[in-house]
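Thanks for coming, everyone. Please have a look at the structure on the screen, and I will then talk through its sheet and some of its charged side chains.

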Amino acid sequence: MFNVNEYFNGAVKSIAFQTETLPATVGVMAKGDYEFGTSQKEYMTVTSGSLTVTLPGSETAQTFKAGETFEVEANQRFKVTADVESAYLCLYE
């Protein structure tokens with residue numbers, strides 16, 4: 001069955017599920033600044049809104065809009081700013 005997760009006092013919510021090939025989550029983020037950690041390699045695709053991301057090893061933030069994907073290796077931390085309420089799909093390898 002689905003596993004529902006809530007982070008940052010409910011500002012980020014996700015539902016975990018198994019795709020045909022990889023585990024995944026779909027989620028939403030309220031406007032705000034967040035820092036996440038990974039335990040597996042992640043492929044995060046913005047599905048609505050936009051996310052400004054500072055990837056590990058970079059000091060420069062990049063903005064990803066609906067339809068765009070970024071990758072984060074396992075055991076890393078990255079920062080995300082949502083300027084508008086946004087949604088995402090995350091695949092885990």
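Let me begin with a definition: a residue is called buried if its relative accessible area is under 20%, exposed if over 50%, and partly exposed in between, using a 1.4 Å probe and protein chains only. What you see is a predicted model, in which local features need pLDDT of at least 70 and side-chain atom pairs count only at pLDDT 80 or more, while totals for chains, interfaces and linings use all residues. Residues are numbered from 1 along each chain as its sequence is written, and side-chain values use heavy atoms, with hydrogens and water left out.

Now to the sheet. Strands here are DSSP runs of E with at least two residues, numbered from the N terminus, and two of them pair if DSSP finds at least two bridges between them. An open, antiparallel sheet is formed by 6 strands, in the order β1-β2-β3-β10-β5-β8. Because β1 and β8 stand at the edges with a single partner strand each, one side of each is left without a neighbour in the sheet.

Next, the salt bridges, each being a side-chain nitrogen of Lys or Arg within 4 Å of a carboxyl oxygen of Asp or Glu. Of the 4 salt bridges in the structure, one joins E71 to K41, with the closest N and O atoms 3.4 Å apart; E71 lies in strand β8, and K41 in the loop between β4 and β5, 30 residues apart. K41 also meets E73 in a salt bridge, at 3.5 Å from N to O, and shared partners thus join K41, E71 and E73 into one network. How exposed or buried is E73? With a relative accessible area of 45%, E73 is partly exposed, whereas K41, at 17%, is buried.

Notes: Helix = DSSP H or I, 4+ residues; strand = E, 2+ residues; numbered from the N terminus.
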